[in-house]
Amino acid sequence: VGGKAAGLWQLRRILEEHRAELDFPDTRIQVPTLTVIATDFFDRFMERNGLHRLPLAEMSDDRIAHVFQQASLPAELVGDLQALVDRIHQPLAVRSSSMLEDDLHEPFAGIYATKMIPNSRPERETRFRRLVEAVKFVYASTYFRAARDYMRATGRPCDSDKMAVVIQEVVGR
């Protein structure tokens, strides 16, 4: 599920275990709804669309983003995303959660993309389309120049990371 998702799940578990101890007047602790698209969906997306065969290391960020937007998400994931937009109408943060992001020695925090979507349109199809676009953009950011440069700087091959995606309800005011 990647480092960010694992950390958020652990934080949620700790907050739920210690909820009684965290009772402060005038303070409400709220854990937002969280959905994780695991790295195996990233692998299927890359494979089914033949994206590993493209010269991604030579392409501009805009071109990579365009190619990823044209690709199809795995059918197994599409139904789950449709169900999500049926249930949630609050703004969403679609966040990267790569296997390397929370590495203790060379963390990739801040390297990959996050997309904020309002998720407020009344048309289900529009909300679904925006969510799919955001997921694909986060996937594409795995190969953007900042990620490639950081991979080279840390001595890792450019295709050595796997991306999970966290879809998180935005809460608060």
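Mentor: Let's start with contact, which means heavy atoms within 4.5 Å. Helices are DSSP runs (H or I, at least four residues), numbered from the N terminus. The model is predicted, so local features need pLDDT of at least 70 and side-chain atom pairs count only at pLDDT 80 or more, while totals for chains, interfaces and linings use all residues. Residues are numbered from 1 along each chain as its sequence is written, and side-chain values use heavy atoms, with hydrogens and water left out.

Trainee: Okay, which residues in H2 meet H4?

Mentor: On the H2 side, Phe 41, Arg 44 and Arg 48 do, and their partners in H4 are Ala 75, Glu 76 and Leu 77. H2 covers residues 39-48, and H4 covers residues 75-87. Sorted by type, that contact has 3 nonpolar residues (Ala, Val, Leu, Ile, Met, Phe, Trp, Tyr, Cys and Pro), no polar ones (the others, Gly among them) and 3 charged ones (Asp, Glu, Lys and Arg).

Trainee: At what angle do H2 and H4 pack?

Mentor: Axes are lines fitted to C-alpha atoms, for helices over the stretch in contact, and angles run from 0 to 180 degrees between N-to-C directions. H2 and H4 pack at about 125°, their axes 10 Å apart. That makes the pair oblique; angles under 35 degrees are roughly parallel, over 145 roughly antiparallel, 65 to 115 roughly perpendicular, and the rest oblique.

Trainee: Arg 44 caught my eye. With which residue does Arg 44 form a salt bridge?

Mentor: A salt bridge needs a side-chain nitrogen of Lys or Arg within 4 Å of a carboxyl oxygen of Asp or Glu. Arg 44 pairs with Asp 40, with the closest N and O atoms 2.7 Å apart. The two are 4 residues apart in H2, so about one helical turn separates them. By this rule the count comes to 7 salt bridges.

Trainee: And how do the axes of H4 and H5 cross?

Mentor: They come within 9 Å and cross at roughly 125°, which makes H4 oblique to H5. Among the residues in contact are Leu 77, Val 78 and Leu 81 in H4, and Phe 128, Leu 131 and Tyr 139 in H5. The contact divides into 9 nonpolar, 1 polar and 3 charged residues.

Trainee: What does H3 meet in H5?

Mentor: Ile 64, Ala 65, Phe 68 and Gln 69 in H3 meet Glu 133, Lys 136, Phe 137, Tyr 139 and Ala 140 in H5. This contact holds 6 nonpolar, 1 polar and 2 charged residues.

Trainee: Which elements have the lowest and the highest mean pLDDT?

Mentor: pLDDT is the predictor's confidence in each residue, from 0 to 100. Helix H1 (residues 2-17) has the lowest mean, 66, and H3 the highest, 97. The chain averages 84, and 83% of the residues score at least 70.
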